[in-house]
Amino acid sequence: YPNARVVLTVRGDGDGMAWAKSVKGSIGLLRPAIERVPWRWIPKIQLFKGVLFPWIFGKRNVSLDGNYEFKADDLARMYNEWVAEVKATVPEEKLLVFAPKDGW
């Protein structure tokens, strides 16, 4: 689809902290949980941990604190890097930046 537009959905005030808060309150809750019994004994859960988290967060060097939780500053940096990468890659005339807080 060479004429398709790319929709980049942005959150909050553009500092990445709204996205970081969302991650910590959703998928980020899985990280500390799967380190505990009984989850750490289940091979499929450990496979999920070993593949999904590095694929999503490892490429952008998001680190964990002492409780196996993602650091908010790292998540915000990751978000900002992604937004900048999309804006630098997609031609301006094909990019629609959408902020849900602004409504339709």
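In this predicted model, L75 is in contact with W19, A20, V23, K24, F57, V62 and F70, leaving aside its neighbours within four places in sequence. L75 also belongs to the largest nonpolar core. That core has nine residues, and its other members are A20, V23, I34, F53, F57, V62, F70 and M78. Three helices each supply at least two residues of this core: α1 (17–24), α3 (43–57) and α4 (72–89). A second core of eight residues is separate from it and includes L8, V90, L95 and A99.

The secondary structure of the protein consists of four helices and two strands. Along the sequence these elements follow the pattern β-α-α-α-α-β. The radius of gyration is 16 Å, whereas the globule rule gives 13 Å for 104 residues; the value is well over the rule, so the protein is more spread out than a compact globule. Taken along the principal axes, the box filled by the C-alpha atoms is roughly 50 × 30 × 25 Å.

Burial and contacts can be described for the protein as a whole. Of its 104 residues, 28% count as buried. Among contacts between residues at least 6 apart in sequence, 60% join residues at least 24 apart.

The surface comes last. The protein exposes about 7400 Å², and carbon and sulfur atoms supply 60% of this area. There are 16 positive and 12 negative charges, and the mean positions of the two sets are 8 Å apart.

Definitions and conventions:
Residues numbered from 1 in each chain as written. Predicted model: local features only at pLDDT ≥ 70, side-chain atom pairs only at ≥ 80, totals over all residues. Heavy atoms only, no water. Core = buried A, V, L, I, M, F, W, Y, C linked by side-chain atoms within 4.5 Å. Buried < 20%, exposed > 50% of the residue type's maximum accessible area, 1.4 Å probe, protein only. Contact = heavy atoms within 4.5 Å. Rg over C-alpha atoms; globule rule 2.2 N^0.38 Å. Areas by Shrake-Rupley, 256 points an atom, 1.4 Å probe, with all protein chains shown as cover. Lys, Arg positive; Asp, Glu negative; His and termini not counted. Charge placed at Lys NZ, Arg CZ, Asp CG, Glu CD.
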